[in-house]
Amino acid sequence: VDLLVVCDINHRLSASSINRTEFPSQYMGRWYFLAAAAPADSQALETFKPMDNTAFWVQESTENEKLVFRANVRVKDGSCVPRKWIYLLSGDSTELRTEGHPDRVTELFSSKCTQCVILKETENSISRLLLYSRSPQLEREFVEDFKEKAFCEGYKETLEIPQKLGNKVSTGV
Ligand code: MYR
C-alpha cells in the first residue's frame with residue numbers, strides 16, 4: 001500500500017451485513033476475482049500471480065449442504081484452466097469448508113462495495129483475503145477500500161488481478 005492509512009474501526013472486517021436468512025442463495029451465479037491480500041512474505045499469493053483473470057460460477061449442488069464452484073482461470077499466456085471445487089455448508093453458519101481440503105476454512109465478510117464479497121481463506125495458520133465482485137470492473141475506491149482493510153488486518157501484501165484479456169464463464173456440467 002503506497003499511502004498512509006490510519007487504521008480505525010471502518011477498516012475492520014465485518015460480517016454484519018451478510019444476510020443470513022437468504023444465505024447462501026444470494027451468492028449463486030457469476031463472480032469475478034478482483035484482488036487478493038496476504039501477510040508479507042507468506043507466499044500465499046503466488047498461485048494467483050500467473051493469472052490474468054478468473055470468472056466463477058456458483059451453483060447449488062444436487063446434494064444437500066453442498067455448493068459447486070466452477071472457475072475459468074485465464075492465464076497471462078492466454079491459456080484457460082477450468083477449475084472446480086465443492087464447498088460444504090455447515091448448518092446456520094456462513095463458514096464454508098472445501099471438499100478434499102479438510103484444513104481449509106473459508107469465512108465471508110462484507111465489502112464497502114455492495115456487489116462484492118470478501119473471502120478469508122485459512123489453511124494451517126496461513127490466511128489470505130480474496131475480493132470478488134459481480135462485475136469485472138470495479139471503481140477504484142472499492143479496490144482501495146479492500147486494500148486498506150487488508151493492510152489494517154495485517155495482510156500487507158496485495159495483488160490486483162490484471163484482467164487485460166477476455167474470459168468466459170464455464171457453465172458446463
Ligand atoms: C480459490 O481460488 O481458492 C477458490 C476461491 C473460490 C472463490 C469463489 C468466488 C465466489 C464468491 C461467492 C461467495 C459464495 C459463498 C457461498
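## Residues around the ligand

In this predicted model, 13 residues surround the ligand, and those that come nearest are Tyr 27, Phe 56, Phe 69, Glu 121 and Tyr 132. Sorted by class, the shell consists of 11 nonpolar residues and 2 charged ones, with no polar residues.

Glu 121 places a polar side-chain atom 2.8 Å from an oxygen atom of the ligand. On its own the ligand has 490 Å² of accessible area, and the protein covers 97% of this.

## The pocket and its strands

Where does the ligand sit? The ligand occupies the largest pocket. Four strands each give two or more residues to the shell around the ligand: E3 (66-75), E4 (80-89), E7 (116-123) and E8 (126-133).

## From E5 to E7

Strand E5, residues 96-98, pairs with strand E6, residues 101-109, in the antiparallel sense over 3 bridges. Within this pair, Leu 96 stands opposite Thr 106 of E6. The hairpin of E5 and E6 has 2 residues between its strands, and Gly 100 in this hairpin has a positive phi near 85°.

Strand E6 also pairs with E7, again in the antiparallel sense. How many bridges join E6 and E7? There are 6 bridges between these strands, and their hairpin has 6 residues between the strands.

Thr 106 appears in this pairing as well, where Thr 106 stands opposite Glu 121 in E7. Glu 121 is also the residue with a polar side-chain atom 2.8 Å from a ligand oxygen atom. Thr 106 therefore links two pairings in this description: Thr 106 faces Leu 96 of E5 and Glu 121 of E7.

Technical notes:
Residues numbered from 1 in each chain as written. Predicted model: local features only at pLDDT ≥ 70, side-chain atom pairs only at ≥ 80, totals over all residues. Heavy atoms only, no water. Near = heavy atom within 4 Å. Polar contact = N/O pair within 3.5 Å; in protein donor to acceptor, adjacent residues only side chain to side chain. Areas by Shrake-Rupley, 256 points an atom, 1.4 Å probe, with all protein chains shown as cover. 1 Å grid on protein atoms, 1.4 Å probe; cavity = no way out; pocket = protein on both sides within 12 Å on 5 of 7 lines; lining within 4 Å. Sits in = over half its atoms within 2 Å of the grid points. Nonpolar A, V, L, I, M, F, W, Y, C, P; charged D, E, K, R; others polar. Pairing = 2+ DSSP bridges.
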